[in-house]
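User: Please take a close look at the aromatic side chains of this protein, at how their rings are arranged against one another and at what lies over them. Some remarks on the strands would also be welcome.

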Amino acid sequence: MKRVSVFLYFLLAACPFLGAEEVTYEIRHYSVGDGLSDHRVYCILQHSSGFVWVGTEDGVNRFDGYRFFPLSFPELPHLDEKPLSSRVLNLTELKNGMILVESAEEDNTRESYFLLNPETLKFHSRIFRVSEPDTWCYASGSDTIYLDQDQRKPGKTFPYGQDTLGNRFVFTKDRIAARIIYNSGEVLDLSSDWLSLSNPSSPVGNNFEELFYIRHLNGLVKVTINSSAFESFLNKDLGDWEYGLNGRSMIKLNPDLLLFSPERYAPVLVNINTGASEPYIIRNRETGQPVPSTSIRGMYHYNDSTIIATSVTGTIFSFNWKTRETESYHRGYYRNILHSTLLNNGRLLVAGQPNHPDEPSLSLFDPVTSVLTPLDFKYRFHWPQGTGQCFLLESGNRTAWLGTVNGLYRLDLGKNTVIEAFMYTGASHETGFSFPVHKILKSPIVLVLHEDENGNLWVGTENGGLQVLGPKGNNFLEVDADDGLSDNTVCGIVPGKDGLWISTYHGLNYLEKKPWSIRTFYTESGLPHNEFNRFSFYRESDHEIYLGTMNGFCSFNPDDLLNSSTDVFLLLSEARFFEPNGKTQKVIQTYPDNGPPLSISSTNRSCAFRMALNHHAHPESNTFAYALEPASGRFNNEQTQWRQNGKDRQIRFEYLPAGRYTLRVRATSLAGMVPGEFRINLHVREVFYKTAWFVTLSGFLFISIVYTFYRFRLNNAIRLEQLKTRLSSDLHDDVGSVLSGVAYQMELLEYSVEDENKTLVRQIAASSRQAMSRMRDVVWAIDSRNHTFLDLTERMKEFADELLFPLGIRCTFDFSSLPLKKDVPAPVRHDLLLIFKEFLTNSVKHADADHIRVKLGMEGGSIELLLRDNGQGLQKDPGKVTGQGLKNMRMRARKLNASFRILEGDGFGIEVKT
């Protein structure tokens, strides 16, 4: 132990401790190679819009902290014909935001002035000074408009070499040395770099404590002041892949002293005011020997003077931090203590690897009696050799959480049972658990736990990010690198006022709950190292947090870190819209926050937006996040999915669907979260064939075509029916009268001819009457006025009466299931009637029947005709000729696409069903 202490003294001596912080700065030169139009810079203007304007020998340049955008003078109306030089001598912001540009004539005989609109980047007019000392005028077409002194007065005026806070810039009379005198009394000496500049100017900037610009004849110089809200202790300068003194736990003893426990070394006592440190040796009060206290993984206040601690060597003890002597001591049960937590009842819950593998791995230590009581859980927790991942957290109601390399367990400390377990989603299936097991964790290794005031459990994992379990054990929330977390291995969770501080293996994060956002901090922000340690975090109050890293530890006040004195805001530097081949179609250089919608054509839906901040101190460290939501407002802030864009300030979209959107952008700088959002309204136009007007016009055109076709068909149908009616009338009146006259004349002729010719005359008369009957059937079928079932049934009755009544044959009809007023197509009426007539004719000629039954009905859309007589039935003698009656009826049934069935027995019958 003595050897370790001596080595630690040498180690601490090599570390630069915190003292009075020296004001330092970084400079960045900009010239033609960086996009500046000319290396000869004459003036600088820090505009209220957030951009910096630079006047050079070759015009005006706009600077957004990343790149320069040069503007060339256009051809403007002026009062004389003297050519204009592009040299810009001075830039002044007017009260209305316009920029007064002072330029020289090409012959240098006098100066000219222009009005530049920073929103449109357009030079509006050329201004000339007139005879009155305080009067200016500018040409607007053929008119001359005058500006008095008040109208051209800048919106912000500061004394030469002074910022808005009163920090002053001074230089010697011979201008070979310069410095900035801050209100705090600190001095920033610029002499060494000032000598290297060619004819430098006074600084330009709103706050010399953070950033200012100096122009000279070889370009532009940006001076960034190195300031950080983080204070580092026990750290030293390291390379990119080097480690320093890394910690395992820490505790604040009083307002001035902090006890820090490094890995593999004894604790270090640090004065946080002066940075002074010394090894802290704890001795056994009874033996006087040093207590093995290397790599302490837990230190807890028991009372004003007593600290309870556990060491990785298996030692559990309490000590008086003022006397540095133990008050209770226990060693021998554990060979390695993984973690511990002080319960509300004053006892210490300890987890570790016991010396005997069959012994319980959880126990309770009473610091008053120094008694260690093993907790005999039925389920044994086994720690793989060499792994120290374990975390304990009291949950209340005699319950606790235990995070391990094999998942998360909720424990009942009163009954020594496991209430439930949460394991890795990809864990192998195991059976035999006496408690519920939920496979929802993104990683099997749990490193840190935190329970908030709402009962949500925040679980920090290795390579699985941050996972939040609700009070009922549901998977409430998941946060990882895709959501903006700096690393997926979370090793520390410290509550803040409105969020949580999340330390990881690469960077520090502040997770703000409302509105949802993540801010990241790295060594560029002032951290001593990007990798943090497990167990090595301590929150003294809302105003001071301590975190252990792989290079000592740091402290910070969250208010100082999250709140910046500079009014930082977002701005759009450039918007580009691309053609389908990837070439730039249109570029927009200016756009106000929540301005009018930017229209995007239906064919060129790819666009990119470059964001910037008005604060240019460390643009390479700015991070951006964005959310694209429909402008209809269907999503509120809590439902909006924010996407982290990291340090890439360009936000690009490929082939946006048609509609209206609002692009919301947030940013974080080294000074903290930038307040507010920047909103870009977008209107992606729909292709013409999907627009409302085209769909409406197409629908109207389609309806017109359909209606026109319908009217055409209807008119044709009407004309056809009219033709049928006229034809049937003509046939009935003309041809019918002729056939009727022929038959009548043949009957008269029969009385005057010889007996041998009477048979011929009778045949001619009969043929005439038969032709007239058939013609009447045809006329009846094509006559559109006979279009219902009622017309069909009346025609059937008429024919039956004509044929059967003279022969004394009775005929009964059944039309009970027939919709008499329903229309029947002409072909159907005609074929049904002819089948009926054929059946009656055959019955009269061959059946020798005295009763015929006719049933015509309709059921389920099918027409059924049933005909039956009580005659002698179908003749089955193959030698007897049956005629064409059955063939004709079958043929007409096929024309109707109907089934035809012969009914035998008890006379003869047929059934036609269509």
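Analyst: The aromatic rings are treated below, followed by the strands. The model is a predicted one, in which local features need pLDDT of at least 70 and side-chain atom pairs count only at pLDDT 80 or more, whereas totals for chains, interfaces and linings use all residues. Residues are numbered from 1 along each chain as its sequence is written, and side-chain values use heavy atoms, with hydrogens and water left out.

A pair of aromatic rings is described by the distance of the centres and the angle of the planes. Rings of Phe, Tyr and Trp (its six-membered ring) pair if their centres lie within 6.5 Å; planes under 30 degrees apart count as stacked, over 60 as edge-to-face and the rest as tilted. The count by this rule is 28 aromatic pairs. Among them is the edge-to-face pair of Tyr 333 and Tyr 334, with 4.8 Å centre to centre and 85 degrees between the planes. Both Tyr 333 and Tyr 334 are buried (under 20% relative accessible area with a 1.4 Å probe and protein chains only; exposed is over 50%, and partly exposed lies in between).

Phe 813 and Phe 815 form a tilted pair, because their planes stand at 35 degrees, with the ring centres 5.6 Å apart. Phe 813 is partly exposed, at a relative accessible area of 25%, while Phe 815, at 14%, is buried. Ring pairs also join Phe 230, Trp 501, Tyr 510, Phe 521 and Phe 556 into a cluster.

Charged side chains accompany some rings. A charge sits over a ring if NZ of Lys or CZ of Arg is within 6 Å of the ring centre and within 35 degrees of the ring normal. Lys 586 is placed over the face of Phe 577, 4.9 Å from the ring centre; Arg 652 is placed over the face of Phe 578, 4.0 Å from the ring centre.

The strands, which are DSSP runs of E with at least two residues, numbered from the N terminus, include an open sheet of four in the order S2-S3-S4-S5, with antiparallel pairing. Its edge strands, S2 (41–46) and S5 (68–71), each pair on one side only. Two strands pair if DSSP finds at least two bridges between them; S3 (residues 52–56) and S4 (residues 59–63) pair in the antiparallel sense over five bridges. Val 52 has Phe 63 in S4 as its bridge partner.
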